[in-house]
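Grab a pencil and work through these short exercises with the sequence and the 3D view side by side. Each task comes with a solution you can follow step by step.

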Amino acid sequence: MRILTAAKVTLALSVSCVVSLAQESPSDGKTERRVEIRRALAMKPLKVGGVTVTRLIDSVILEHEGVLLYCDSAYVYQENNSFDAYGHVRIEGESSLIEGTALYYEGSTKNGRIVGSPALMVDEESGTKMW
């Protein structure tokens, strides 16, 4: 039985860039950048509790505010701008790398939880590694 460790991850604005798809929030006028699907070899729309979920399978690439996420499969919840990613999860920013086996991410708060055995975070500018 494998023991999984967890690390709370915040994808910082320092690794962001312009994303072409944005949605205007009517209540406060702020622009909310949507999680974008860049690639998947298969996509299956599902209904879970009345909510539309997109299942992405094989060689998945997602993007949020310039940060790329690679994984084996993912469930994208477009209504609340979030996703769950599974299998060989890798997050790449301008100068950082995070790896694990699963990621649970909320795009509206830019907060996620990555788990792995071990979860690895690398800051390429300073050479710092954390497990």
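**Exercise 1: a charged patch**

Task: Which residues form the negative surface patch in this predicted model?

Solution: Look for E94, D123, E124 and E125, which together make up a negative patch on the surface. Now zoom in on E124: you'll find E124 in the loop that links β11 (120-123) and β12 (128-130). Is E124 buried or exposed? Its relative accessible area is 53%, and the cut-off for exposed is over 50%, so E124 counts as exposed.

**Exercise 2: the overall fold**

Task: How many helices and how many strands does the protein chain have?

Solution: Count 0 helices and 12 strands. Walking along the sequence, you just read β-β-β-β-β-β-β-β-β-β-β-β. As for burial, 35% of the chain's 131 residues count as buried.

**Exercise 3: a hairpin**

Task: Which way do β5 and β6 run relative to each other, parallel or antiparallel?

Solution: Start with β5 (residues 42-48) and β6 (residues 51-64): they run antiparallel and are joined by 7 bridges. Next, find L46, which sits opposite V53 in β6. Finally, check the turn: the two strands form a hairpin with 2 residues between them, and G49 there has a positive phi of about 60°.

**Exercise 4: placing a leucine**

Task: Where is L68?

Solution: L68 belongs to strand β7 (residues 67-77). Its relative accessibility is 26%; that lies between the 20% and 50% cut-offs, so L68 is partly exposed. Then jump 29 residues in sequence to L97: the C-alpha atoms of L68 and L97 are 9.9 Å apart in space.

How values were computed. Residues numbered from 1 in each chain as written. Predicted model: local features only at pLDDT ≥ 70, side-chain atom pairs only at ≥ 80, totals over all residues. Heavy atoms only, no water. Patch = residues over 30% accessible without salt bridge, like charges linked within 9 Å, V, L, I, M, F, W, Y side chains within 5 Å. Areas by Shrake-Rupley, 256 points an atom, 1.4 Å probe, with all protein chains shown as cover. Salt bridge = Lys/Arg side-chain N within 4 Å of Asp/Glu carboxyl O. Lys, Arg positive; Asp, Glu negative; His and termini not counted. Charge placed at Lys NZ, Arg CZ, Asp CG, Glu CD. Helix = DSSP H or I, 4+ residues; strand = E, 2+ residues; numbered from the N terminus. Buried < 20%, exposed > 50% of the residue type's maximum accessible area, 1.4 Å probe, protein only. Pairing = 2+ DSSP bridges.
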